[in-house]
Amino acid sequence: MIHCIQKITLLLCTSLLAFQSMADWQLTPDNSTVNFTSVKKEHLIENHYFNRVSANITEQGEATLTIDLSSVNTKIAIRDQRIKEHLFNIATFPQATFSAQIDMQKIATLLVGSTGEMQISGQVDLHGHKQNLVVKVLVTKVSKDIVLVASQESLIIKAQDFDLVAGINKLKSLANLPSISYSVPVNFVLTFTHQ
């Protein structure tokens, strides 16, 4: 009888784990951040952020990260406005997205408190152009219901791949700068909660 109860208990626990791995994960915005770094005048480095980001991972492992480009925050209002108008052209392209397929089994088998490496192949959709990119991430299972995904290496966005060179040149002209880098490192820390 005891052996039978143990079997049933084990079966229920296994089923619960499988069900949990098949459920959706939603981004917790207050505990998440997406930032990018700009380089101007050859050596002046500045960090910038997006205030509004959303993301989810479906039970099939389909992940989508959406960035509201109008929420760009460089800590200088006039620069924010110029970036929205002349670089991102938010009137036509209000959002940027990253879509990828995640191996949910790897996340499901992570022990609470442990961290694993993952390499994710996905597609960036920005300024009307799409590019396939690979990003290396660290996934930490904070608890059975919370997973932290952080960039292990910067995701490099190249202006020429997304028709952003003219926009950068316009920003350079408006700010009377000798140079602004055409390659921008993007980093992120994303907290997902199991629904």
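Leaving aside its neighbours within four places in sequence, which residues is aspartate 125 in contact with? They are Gln95, Ala96, Thr97 and Lys130. This is a predicted model. The chain has four helices and twelve strands. Of its 195 residues, 39% are buried. The points below take the chain as a whole, then selected sites.

**The chain overall**
- Take the contacts between residues at least 6 apart in sequence: 61% of them join residues at least 24 apart.
- The accessible surface of the chain is about 11,300 Å².
- Carbon and sulfur atoms account for 57% of that surface.

**Aspartate 125**
- Aspartate 125 sits in strand S8, which covers residues 115-126.
- Its relative accessible area is 26%. That value lies between the 20% limit for buried and the 50% limit for exposed, so aspartate 125 counts as partly exposed.
- Alanine 96, one of its contacts, is 29 residues away in sequence.
- In space, the C-alpha atoms of aspartate 125 and alanine 96 are 5.7 Å apart.

**The aromatic cluster**
- The structure holds two aromatic pairs.
- One pair is phenylalanine 36 with phenylalanine 50, at 5.3 Å centre to centre. The planes make an angle of 35 degrees, and the pair is tilted.
- This pair links distant parts of the chain. Phenylalanine 36 is in strand S2 (residues 33-40), phenylalanine 50 is in strand S3 (residues 44-50), and they are 14 residues apart.
- Phenylalanine 36 and phenylalanine 50 are both buried.
- Phenylalanine 50 also pairs with phenylalanine 88, with ring centres 6.1 Å apart. Their planes stand at 40 degrees, so this pair is tilted.
- Phenylalanine 88 belongs to helix H2 (residues 77-88) and phenylalanine 50 to strand S3, so the pair ties together parts that are 38 residues apart in sequence.
- Phenylalanine 88 is buried, as is phenylalanine 50.
- Phe36, Phe50 and Phe88 form one aromatic cluster.

**Serine 71**
- Serine 71 lies in the loop between S5 and strand S6 (72-73).
- Its relative accessible area is 3%. The limit for buried is under 20%, so serine 71 counts as buried.
- Its side chain reaches the backbone oxygen of aspartate 68 at 2.6 Å.
- Beyond its neighbours within four places in sequence, serine 71 is in contact with Tyr49, Phe50, Asn51 and Arg52. Phe50 is also a member of the aromatic cluster.

**Strand S4 and its partners**
- Strand S4 (residues 53-57) has a covered face made of Val53, Ala55 and Ile57. Ser54 and Asn56 form the uncovered face.
- In a regular strand, side chains alternate between the two faces of the sheet.
- S4 pairs with strand S1 (residues 25-27) in the antiparallel sense, over two bridges. Tryptophan 25 has isoleucine 57 of S4 as its bridge partner.
- S4 also runs antiparallel to strand S5 (residues 62-68), and five bridges join the two. Here the bridge partner of isoleucine 57 is alanine 63.
- S4 and S5 form a hairpin with four residues between the strands. Glycine 61 takes a positive phi near 90 degrees in this hairpin.

**Helix H4**
- Gly167, Ile168 and Leu171 are buried in helix H4 (residues 165-174).
- Seen down the axis, the buried residues of H4 fall within an arc of 100 degrees, so they line one face of the helix.
- An α-helix has 3.6 residues a turn, so residues three or four places apart point the same way.
- The buried residues of H4 pack against H2.
- The face turned away from the buried side carries the exposed residues Ala166 and Ser173.

**Positive phi values**
- Most residues other than glycine have a negative phi.
- Glutamate 42 has a positive phi near 70 degrees. Glutamate 42 lies in the loop between S2 and S3 and is exposed, at 60% relative accessibility.
- Lysine 75 has a positive phi near 75 degrees. Lysine 75 lies in the loop between S6 and H2 and is exposed, with a relative accessible area of 66%.
- Asparagine 176, just after H4, takes a positive phi of about 55 degrees.

Note on methods: Residues are numbered from 1 along each chain as its sequence is written. This is a predicted model: local features need pLDDT of at least 70, side-chain atom pairs count only at pLDDT 80 or more; totals for chains, interfaces and linings use all residues. Side-chain values use heavy atoms; hydrogens and water are left out. Rings of Phe, Tyr and Trp (its six-membered ring) pair if their centres lie within 6.5 Å; planes under 30 degrees apart count as stacked, over 60 as edge-to-face and the rest as tilted. Buried means under 20% relative accessible area, exposed over 50%, partly exposed in between (1.4 Å probe, protein chains only). Contact means heavy atoms within 4.5 Å. Accessible areas come from the Shrake-Rupley method with a 1.4 Å probe; for residues, only the protein chains shown count as cover. Two strands pair if DSSP finds at least two bridges between them. A polar contact is a pair of N or O atoms within 3.5 Å; within protein, one must be able to donate a hydrogen and the other to accept it, and residues adjacent in sequence count only if both atoms are side-chain atoms. The arc is that of the directions from the helix axis to the C-beta atoms.
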